[in-house]
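Here are my notes on this model, as numbered points you can follow with the coordinates open. I begin with enclosed space, move on to the open pockets, and finish with charges and one helix.

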Amino acid sequence: MSKVNEAALKKRISISTLHKMKQRGEKFATLTAYDASFAKLFDDHGVSMLLIGDSLGNVVQGLDDTLAVTVDDIAYHTRCVRAATQGALIVADLPFMSYATHEKACENAATLMRAGAQMVKLEGGEWICDTIRSLVQRSVPVCAHIGLMPQSVHLMGGYKVQGKSDEDAQRILREAKAVEAAGAQLLVIECVSQKVAKAVTEALSIPVIGIGAGPDTDGQILVMHDLFGISAGHIPKFSKNFLTETGNMQQAVARYVSDVAEGHFPAAEHSFE
Ligand code: KIV
């Protein structure tokens, strides 16, 4: 079959694909992406989902946090990623304050869906449940993001591991159940102990994607710059430079995908107790 025909036959992953993978116990790898060239590289090497994350504030715009990122920024990068990919599920972040009211959430989610997103992601627990319901009722699929929420960095007093006390761990579990009940079809959980992430993954029927959350979640996500070891400044304990051990970008991505699928990544040294 010619390459053109192969491409035409490639079917884009939907949220149902990830739900089936969870049911079958198949782990999947996801990455952030912001531009066409890297998005195509990730798509060609079996990355299941690409997130146009507001982490672009850090890694693309060179800022200290994600707060200055706008809906237009995310929409621009979503168009770039969508245009270059055929297989991966495309999820776009609703940035800081863009879902402060239901009206804003719906309008801004529509902008991101029109730019090519298949789902939007928003940070928050019980307080965003009404917003999730309102988006889902209007046919916008939602991924919720709990644990460490970078948009709340100043409220949380820095980038810290969440859910350390029993009380906090219980709160995170409650939040996970609440966002699922509100209609979220996917959950990202960031920087929590392995134990908390395991409990959340087992309690939910929707797929749970971890970052700094240990090996027991259904999927993993990394900021792409961390995978290549090119992030400036602080290198998080949970990230791994796959380029060092493989020597080229294609193999680094392929190794990440297979290491996640086979349960080799994240290892104990990338996880929090
Ligand atoms: O913005 C982002 O890249 C994210 C990931 C870290 C999950 O939210």
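1. Searching the whole structure turns up one cavity of 30 Å³ or more. A cavity here is a set of points on a 1 Å grid over the protein atoms alone where a 1.4 Å probe fits but cannot get out, and lining residues have an atom within 4 Å of a point. Its volume is about 40 Å³, volume being the space filled by probe spheres set on the points, which are joined across faces, edges and corners. Please keep in mind that this is a predicted model, in which local features need pLDDT of at least 70 and side-chain atom pairs count only at pLDDT 80 or more, while totals for chains, interfaces and linings use all residues. Residues are numbered from 1 along each chain as its sequence is written, and side-chain values use heavy atoms, with hydrogens and water left out.

2. What lines the largest cavity? Its lining includes Gly-210, Ile-211, Gln-220, Phe-238, Phe-265 and His-270. Strands β7 (208-211) and β8 (219-222) each contribute at least two residues, and β8 has the largest share, with three. Helices (H or I, at least four residues) and strands (E, at least two) are DSSP runs numbered from the N terminus. By class, the lining of the cavity has seven nonpolar, four polar and no charged residues. In this scheme Ala, Val, Leu, Ile, Met, Phe, Trp, Tyr, Cys and Pro are nonpolar, Asp, Glu, Lys and Arg are charged, and the others, Gly among them, are polar.

3. Now to the open spaces. The largest pocket holds about 810 Å³, where a pocket is an open set of points with protein on both sides within 12 Å along at least five of seven lines. Of its 34 lining residues, Asn-58, Glu-190, Val-223, Pro-236 and Phe-238 lie nearest the centre. The elements giving two or more residues to this lining are α4 (56-59), β4 (119-123), β6 (186-190) and α11 (224-227). The lining comprises 15 nonpolar, 10 polar and nine charged residues. Phe-238 is worth a look from both sides, as it also appears in the lining of the largest cavity.

4. The second largest pocket has about 280 Å³ of space. Among its 14 lining residues, Tyr-99, Glu-123, Trp-127, Gln-151 and Ser-152 are the closest to its centre. Helices α8 (153-156) and α9 (166-182) each supply at least two residues. Eight of the lining residues are nonpolar, three polar and three charged.

5. How many salt bridges are there in the whole structure? The search finds 10, a salt bridge being a side-chain nitrogen of Lys or Arg within 4 Å of a carboxyl oxygen of Asp or Glu. One of them joins Asp-93 and Lys-121, with the closest N and O atoms 2.8 Å apart. This pair links distant parts of the chain, Asp-93 in strand β3 (residues 89-93) and Lys-121 in strand β4, 28 residues apart. Asp-93 is buried at 2% relative accessible area, and Lys-121 is buried at 3%. Buried means under 20%, exposed over 50% and partly exposed in between, using a 1.4 Å probe and protein chains only.

6. Helix α9 also carries charge pairing. Arg-171 and Glu-175 form a salt bridge at 3.1 Å, N to O; they are four residues apart in α9, so about one helical turn separates them. Arg-171 is partly exposed at 24%, whereas Glu-175 is buried at 10%. Both belong to a salt-bridge network with Asp-168.

7. Please check Asp-259, in helix α13 (residues 249-261). Asp-259 is buried yet has no salt bridge, and its nearest side chain of opposite charge, Lys-240, is 4.0 Å away. Lys-240 does form a salt bridge with Glu-245, at 3.3 Å between the closest N and O atoms. Lys-240 is buried at 19%, while Glu-245 is partly exposed at 38%. Leaving out residues up to four places away in sequence, Asp-259 touches Lys-240, Phe-242, Glu-245, His-264 and Phe-265, contact meaning heavy atoms within 4.5 Å.

8. Finally, helix α7 (residues 129-137) has Cys-129, Thr-131, Ile-132, Ser-134 and Leu-135 buried. Their cover includes α6 (102-114), β4, β5 (142-147) and α9. Just after α7, Ser-139 adopts a positive phi of about 70 degrees.

Technical notes
Lys and Arg count as positive and Asp and Glu as negative; His and the chain ends are not counted.
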